[in-house]
Amino acid sequence: MTIDYPIARDARCPYEPPAAYLDTLLTKPITKARLWNGDQAWLIVGHKESNEVLADDRFSARPDVPGYPHVSPALAGYRKSGLETFNNKDNPQHSLERRMFTKWFTVRRINSLHEKIADLVDRVLDGLIAEGDTADLYAQLALPIPSQVIFAMLNAPYEDHLVVEEATNTILSWRSTTEESAAASAVLLQFCESLVKQRKEHPLDDDVISEAIEEHVNTGQCTLEQLTQGIRLLFLAGHETTANAISMSILVLLDHPHLAAQLRESEDPAFVERAVKELLRFVTIAQAGRCRVALQDVTIGGVTIKAGEGVIVSSESANRDPSVFEHASEVDFDREHLQESASFGYGTHRCVGERLAVVELQVVLPAVLRKLPDLRLTVERKDLPYKTDHTVFGVYELPVAWG
Ligand code: HEM
């Protein structure tokens, strides 16, 4: 059987991966998929098999290797625009470039941002409350918080946030054409080039770009272009993802008032962290799979994937695998095996910003529940505009009222 990929989630059960993936999960962990341009690839839905692929360096993340699966015209445009970011490279080059940034995302360093993020969240929420008792929580809270955090981390002028947000949205939307996406990629790159140029001329203390220039570019390990592309990746991956995770988590909490009450009342940071990780597993916003291409023949789940064949790992399906997660389609803040969650990927390309996203959610969700009592949707549930046409699942708007 060959299934089309990607399939939009059903708006009637927006937290669930498409039924076709789940049906496959119950019968075979690996199946054939047909893409928008007629290309075929292997779709991996099983948890164990997903990890096997992502941990195996016989699978390449490079889009220029023939057979690499492009899951949308826009992502094809982004990846063919000649702008190579380290998420689309293999080791050793991948880790050489990734290392420019990892020291800024360690658990210790990100935990130290907790208070600053909490101040920002309080300011945003107090501003909403001062303005009235309704809001679009996506545009007025979920998006500006991660966006301001990544701009602050990279010491970039927040007044330019629309340039970055609009370009990111074009690149990630399945509705964008290859040309539109390539043009948006160029705009984002120009923004990053100008930022890197400024830092080269006027380095700052305690600054991601200035230190990368000093420690990685000036020492000859990486080029200024590779640094610029890495910064572009951080902007691209660093706000829209967390924004959708925030709005979808709020929606889940609105749907499960007893869980919202637990989170609102908890004084236990370990419980809040577990709840956040479970929400991230449950909603799995990274709905377009992790794409790879086989460099050699490899057997996964009893199927031989031939050299040159594309592979798509569906993390949203892996997060529903009953062999790892019992009653996987329920939210359970006491769930075991959360360390197995597929939400941030696995192996060498596992998300750089994972801790940052988790801390942002740990701060935002309890604050929303405490500061906006009686939070409720102001539209019918069925009328919410879901991002069923986007690399990252979420809602385009989250209209709510409180008080
Ligand atoms: C809830 C929020 C987020 C989710 C669900 C998420 C998910 C993911 C996933 C699934 C991957 C693996 C891609 C692959 O294997 O091909 C990834 C990679 C990546 N993410 Fe995130 N991410 C989030 C937030 C962030 C943030 C806040 C940042 C940066 C500030 C970030 C930066 C990156 C980077 C740079 C990579 C590429 C890593 C590599 O290839 O070595 N992400 N993310």
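The paragraphs below lead through the sheets, the buried interior and the ligand site of this structure.

This is a predicted model, in which local features need pLDDT of at least 70, side-chain atom pairs count only at pLDDT 80 or more, and totals for chains, interfaces and linings use all residues. Residues are numbered from 1 along each chain as its sequence is written, and side-chain values use heavy atoms, with hydrogens and water left out.

The description begins with the strands. Helices (H or I, at least four residues) and strands (E, at least two) are DSSP runs, numbered from the N terminus. Two strands pair if DSSP finds at least two bridges between them. In general, strands of a sheet pair through backbone hydrogen bonds, either parallel or antiparallel. One open sheet has 6 strands in the order 1-2-3-9-6-4, with mixed pairing. Its edges are strand 1 (2–4) and strand 4, each of which pairs on one side only.

The sheet can be followed from strand to strand. Strand 2 (residues 30–34) and strand 3 run antiparallel and are joined by 5 bridges; within this pairing, Thr-31 has Leu-43 of strand 3 as its bridge partner. Strand 3 (residues 40–44) then runs parallel to strand 9, with 4 bridges between them, and Ile-44 is partnered by Val-313 of strand 9. On strand 9 (residues 310–313), the pairing with strand 6 is antiparallel and comprises 4 bridges. Here Arg-290 stands opposite Val-313, while Arg-292 has Val-311 as its bridge partner. Finally, strand 4 (residues 59–60) pairs with strand 6 in the antiparallel sense over 2 bridges, and Ser-60 is matched with Val-293.

Two strands of this sheet deserve attention for their surroundings. A residue is called buried under 20% relative accessible area, exposed over 50%, and partly exposed in between (1.4 Å probe, protein chains only). Why is strand 6 described as largely enclosed by the rest of the structure? In strand 6 (residues 290–294), 5 of the 5 residues are buried, so the strand is largely enclosed by the rest of the structure. In a regular strand the side chains alternate between the two faces of the sheet. In strand 6, Arg-290, Arg-292 and Ala-294 point one way, Cys-291 and Val-293 point the other way, and all are buried. Strand 9 is likewise covered on both faces, with Gly-310 and Ile-312 buried on one side and Val-311 and Val-313 buried on the other.

A second open sheet consists of 3 strands in the order 5-11-10, with antiparallel pairing. The edge strands are strand 5 (134–136) and strand 10 (376–377), each pairing on one side only. Strand 10 pairs with strand 11 (residues 399–401) over 2 bridges, and Arg-376 has Ala-401 as its partner in strand 11.

The interior comes next. In soluble globular proteins, nonpolar side chains tend to be buried together. A nonpolar core is a set of buried Ala, Val, Leu, Ile, Met, Phe, Trp, Tyr and Cys residues joined through side-chain atoms within 4.5 Å. The largest such core has 112 residues, and those with the most contacts inside it are Leu-137, Leu-141, Leu-227, Ile-231 and Phe-235. Helix 17 (residues 354–371) contributes the most to this core, with 11 residues. Apart from this core lies another, of 13 residues, among them Trp-42, Val-303, Ile-305 and Val-313. Contact means heavy atoms within 4.5 Å. Beyond its neighbours within four places in sequence, Leu-227 is in contact with residues including Met-100, Phe-101, Val-196 and Ile-209.

Ser-317 belongs to helix 16 and is buried, with a relative accessible area of 0%. Its contacts, leaving aside neighbours within four places in sequence, are Pro-17, Tyr-21, Leu-25 and Val-45.

The last topic is the ligand. A residue is near a molecule if one of its heavy atoms lies within 4 Å of it. The ligand is surrounded by 28 residues, the closest being His-94, Arg-98, Arg-292, His-349 and Cys-351. Which residue is the only protein donor of the iron atom of the ligand? That donor is Cys-351, through SG at 2.3 Å. Donors are N, O and S atoms within 2.8 Å of the metal (3.2 Å for Na, K and Ca); water is not among the atoms, so sites may look incomplete. Cys-351 is found in the loop between helix 16 (315–318) and helix 17.

Side chains also approach oxygen atoms of the ligand: a polar side-chain atom of His-94 lies 2.6 Å from one oxygen atom, and an N or O atom in the side chain of Arg-98 is 2.7 Å from an oxygen atom.

Note on methods. Polar contact = N/O pair within 3.5 Å; in protein donor to acceptor, adjacent residues only side chain to side chain.
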